[in-house]
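Welcome! Let us take a walk through this structure by following its charged side chains and asking where they meet.

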Amino acid sequence: MSSPTDYAMFLLNVRKSSHKKWRIAFATIFSFRAMLSLTDEILCKKKKATNNHLLSKISSNQPYTTINVDCINNVHDSSLCFSGVDQESLTKIVKEKDLNSLSRFGGVEGIVGSLESHAEKGIQGDIEHLHRRRDVFGSNTYLKQPPKGFLSFVLEAFKDNMILILLGCAGLSLAFGIKEHGLKEGWYDGGSIFIAIFLVVVVSAVSNFRQARQFDKLSDKSNDIAIDVMRDGRRQKISIFDVVVGDVVCLKIGDQIPADGLFLNGHSLQLDESSMTGESDHVNIDKIKNPFMFSGTKVVDGYAQMLVTSVGINTTWGEMMSSISRDTNEQTPLQDRLNKLTSYIGKIGLSVAGLVLIVLLVRYFTGNTTGDDGQREFNGGKTKIGKVMNSVASIFAAAVTIVVVAIPEGLPLAVTLTLAYSMKRMMVDQAMVRKLSACETMGSANTICTDKTGTLTMNQMKVDRFWLDEESLKDSSKIATNVVELLHQGVGLNTTGSVYRSTTVSEPEFSGSPTEKAILSWAVLNLGMNMDDLKRSWTILQVEAFNSEKKQSSILVRKNDEKSLIHVHRKGAAEMILAMCSNYFDSNGTIKAIDEQKRMKFEQIIETMAAQSLRCIAFAHKQIAEDIVTDGNDGVKVEKLSEDGLTLLGMVGLKDPCRPGVKKAVEACRKAGVAVKMITGDNVFTAQAIAVECGILGPDQDMNGAVIEGKDFRSYSTEQRMEMVNRICVMARSSPFDKLLMVQTLKQKGLVVAVTGDGTNDAPALKESDIGLSMGIQGTEVAKESSDIVILDDNFTSVVPVLQWGRCIYSNIQKFIQFQLTVNVAALVINFIAAVSSGDVPLTAVQLLWVNLIMDTLGALALATERPTKELMDQKPVGRTEPLITNIMWRNLIAQALYQITVLLTLQFKGESIFGVDKKVRDTLIFNTFVLCQVFNEFNARKLEKKNVFEGIHRNHLFVGIVGFTIVLQVVMVEFLKKFADTERLNWGQWGICVGIAAVSWPIGWLVKFIPVSDKPLFSYLKRFGLRKF
C-alpha cells in the first residue's frame, strides 16, 4: 500500500476482504490520509480513471470526497455494503433521466452488479438479506399526512347550519330562563339545549371519526398491491410494501409500477405517466433511449422486467403522496338529499315558530293571556316592565322550543352510521368499497354487465384437448417431432408466463395468467418442453403483446446458430389465427394447403369445442427470410409481423368450469328485477354454452337477438341499439369499446348499470357505469382505480350481497326518516296547537330535546344497523329519481302522527278531568306517553310494508338493547330527574295508562298496512317547490 490509489482500492474492496477486526481498524486509521492524498491524483487522471462512481462524488469546488465508514464498521454484520453505488446517485439518475450518469455506472448492467442483484434470477429471498437492503435503501412505504384528530371532527360538526341555529336558540333560552326564573332554575331549558347539542355533536364526531379511520384501513388494503418479482431465480408474488432496491419486477399490461427503476428487458413497453406528468400520451420505454420507469405509472402495452433503484420516500411518487392527505369527508348523493331535506324541514320549523311567536305576542299584548290565577297577564301601563319582559321571554322560549323539535338533526347522522356499518359488513362479504356513493347506487341497479372468465368461471384453466389436423390427440408421442419443436417455440417463447424448477421439488412451478399457466403446464408436462433451454437457444427480436382488442400475441425469433432464418409465431383466438393461415401440419408433420373444405372442418372443430364451454387457442408459425427484416436503431425489427400465409400448428381447448353458486346468484338477481348480461371476448359458441350453464340464458330460449357479437352491435345505428339492447343477454367477441357502447346505450335507456371488469381496457366502461365493480385477484390496478367497489374474491356470487347491502342502506334510511318525521310532525303540531289555543306548550324544551336526543342518536343507531333481509331481493330496484319519502312511508307516518296528535291533545285539554290529576301530573303523562309512543313506533319502523314487525328481531341484539336502554333512561327522567325534566312521579296505574296508550301504535301500524297506496308520489304536484328532490 505504497500509493494513495492502493489505499482507495483497499477501501472500496474492503467488503470483499476478510472480516478480521485488524483490517477494519487499519482501514479506519488510514481513511482520512487516503482521502486527502487521493484528490489531486484523481483530478489529474480524470480522463483515465476507472472508478467512475468515486469521480462522480468528487466536486471540482470541493477537494475532498466521502466514504461510507458505517459500511466498514459494520462489515462484520453485513456482506451488503453496496460501496459501488449509493441511494442519492440512483435517485438522481432516474428522476433526472440522466443517461450520461447511467453510462458512467456501466449502464443498467452496471447498476445490477452494484446492487448485488441478477438480471434473470433477481436477489436473494432470505429474510436477513432483505432486512439489510431495507436498512441501506429504505422500505417501500412513505410517511402519510397525520389523520385528522377527533377535535377536528367536533369543530366540523359545529359548522352545521342546524347546529348553529340550535346554539342561537340555546343562548336565547338560557338568557330568557335566567331572566324569568333566576340562575338556580332558569338555566334548565337553555342548559339542556346546550347539553343536547353537545351530545349530538359528540355522537356525530365519533361516528365521522370512526368512519375516517375505517377509510384509512380500507385505503391501506386497497394500496396493498400484489407484485411479481424474481427472487432466488423464482418468480413469486409479494406485497408492494415488501419490494426492495435490487428487486427484479415482472410487469404486464395493467400493472402499476411499484417503485422507481430501470428497464432490464421486455418488449413493446408503453407507460401511462399521466398521474405524474399530466400528459396523456403514452411513453415508450426501452433499454437504450429511455430506460427510466417511475413509481405510480401504469403499463398500457407490452411487458418487461424492471430493476428497482428507489423505493418509498426516495421515489417521486413517494414524495408526492407524503404531502397529500386523503379526504375522507366524501358526501354521497343520499347525504346531500338528506341535508336538503333537513334544511327544508328546518325552514318549516322556523316559519311555524315565527308564526307562533307573532300569535303569542299578539295574544299577550291584547290581553287574551291569563296567568295561573286566572287574571290577565297584561293590563297596559299597569303591568310592570319587569313582568312584561319575563312574559315575553317565556313566549320566545316557547317559539325556540318549536324550532328545536322541528329540526331532524339525526338524519345526517343516520346515513353516516348506516354507510359506515354497511362498509364494514361488506368487507366480510368480499366487497371493498372505494367510493361511498356506490353503496347507495347499488340499491338502484337494474342491469349488471359481467365478464365471463374469472367472474362467472373459476379462472382455473386446464388444457382439455389438443387438435392436430382433424385428430384430437391425448398421447403426445403421436405428434410429429418437427411439430413438437415448433409448439415448444410457440408456447415457451411467445408467453408472459414463466416456469421455475426447484432442486428440492420435482413438480415445476408455473406463473403468469391462468391461460398462460394452463398452456405452459401442458407444454412442459405433456410435450416435454424445457423453457430454460429454449431461452438459451433462441433470441426474441420483436414482440406484439396480447391485448383484449387483438386477442392474440406474436413474436419474431431467431435461433442463435441460424442467422439466415427468422421465425414468426402467433398464438390467440382460434378463429382469428385460422383466418391468417394458408397451410396446416397434418398428423405426420407434413405441411399441406388449407382449401375451403379443410377450413370448414377446422371451423367446425372450433365450434364443437366452444359448444362444450372450451376456450379455443390456436398456434401458427411462419418462416421468413432475413432480408425482409430491417435493422432499426433499437435492433432487429419488422414494421408489422406477418398476418397471412401462416401454417397452423394445432389448437388446444381450455376448460374453465363455472363457479359454484353462480347459477343461484343469477337467479337471485333476476328475481330482484336485475338483468344480467354477459360480455366476453370468447367466441359466440363458448359464450352461449357458458351463459346457459350459468343460467343467463335458458336452455330453450330463442337465441335470436339474445346472443350477439360485438362487431354486429357496434355496426347498428343508435336507434337499433336502443331498440334491441334490452333483449341482449350475451355479447361475444366484444372489444372494450363494445362494452363501453353497451353501457352508454343502457344508461340512455334510463337504466342504472353495474359493470364488472378486470383489465386495463375495461377502465372506460367501469368509469362510465353507475357502479364499477373490479376484480381483486385478477384485476389490474388500472381497473381497480377506475372502479367503485372491488370484489375481493373475483366471484359473481359476491355481487349479490353488494346488491343486497345497497338496497339495505336505502331501506334503513327510509325507516329512520319515517320514524324521525313521525316524531317531528307530532311534536310540532301538538306544541303549535297548544301554544296558539292556550298560550302554553305541554312539552318543555328539556323534554323535547330528550325525545329528539334518544330518537336522533339511539333511534338512528337501532334502525341504521338493520342487516339485509331476503325480502329486499323480492322488491324491484329503487328508481334513480324516486323520492325518499314514498307513498307507503306517508301512509305509515300520517297514521301514527294523527294517532299521537289526537291522544296527546286530548290529554292536553281533557287529561285533568279524565284522570283526576293536576296540571303538573297531566304534563308528565303527556311527556311519558309521547316518549313511549316513539319506543313502540320504533318497532313499526322496522318494516315499511310487512305486517309482522317482529320478524328477525331476536337476531338484532343491538336494536333490542337500544330499546331497553331507552326505556330505562325514560324511567330515570320521570322518576328521578323531576326538577331538571319538569316532571312528577307517576304511580303504577299511571304508568300502565301510558304504556297502554303507546301500545296501540302496534295494532294501528298493522291495520294501516291493509290500505293500498298509489305508485304516483302523493305530493308530486309540489315538484316545483323542490320536495320531489327528497
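**Following the salt bridges**

At 14% relative accessibility, R733 counts as buried, because that value falls under the 20% cut-off. Please keep in mind that you are looking at a predicted model. Which partner does the side chain of R733 meet in a salt bridge? The partner is E575, with 2.4 Å from N to O. E575 lies in helix α21 (residues 574-580), while R733 sits in the loop between β25 (730-732) and α27 (736-748), so this pair ties together parts that are 158 residues apart in sequence. Unlike the buried R733, E575 is partly exposed, with a relative accessible area of 27%.

Now move on to another pair, E516 and K571. These two form a salt bridge whose closest N and O atoms are 3.0 Å apart. Here, too, distant parts of the chain are linked: E516 belongs to helix α19 (residues 514-525) and K571 to strand β16 (residues 565-573), with their positions 55 residues apart. Buried or exposed: what is E516? E516 is buried, having a relative accessible area of 12%. K571 is buried as well, at 6% relative accessibility.

Our last stop is K946 and E951. Their salt bridge brings the closest N and O atoms to 2.6 Å apart. E951 is partly exposed, at a relative accessible area of 32%, and K946 is also partly exposed, at 32%. This pair has company: E871, K943, K946 and E951 are linked in a network of salt bridges.

How many salt bridges does the model contain? The count comes to 32, and the pairs you have just visited, E575 with R733 among them, belong to that set.

Key. Residues numbered from 1 in each chain as written. Predicted model: local features only at pLDDT ≥ 70, side-chain atom pairs only at ≥ 80, totals over all residues. Heavy atoms only, no water. Salt bridge = Lys/Arg side-chain N within 4 Å of Asp/Glu carboxyl O. Helix = DSSP H or I, 4+ residues; strand = E, 2+ residues; numbered from the N terminus. Buried < 20%, exposed > 50% of the residue type's maximum accessible area, 1.4 Å probe, protein only.
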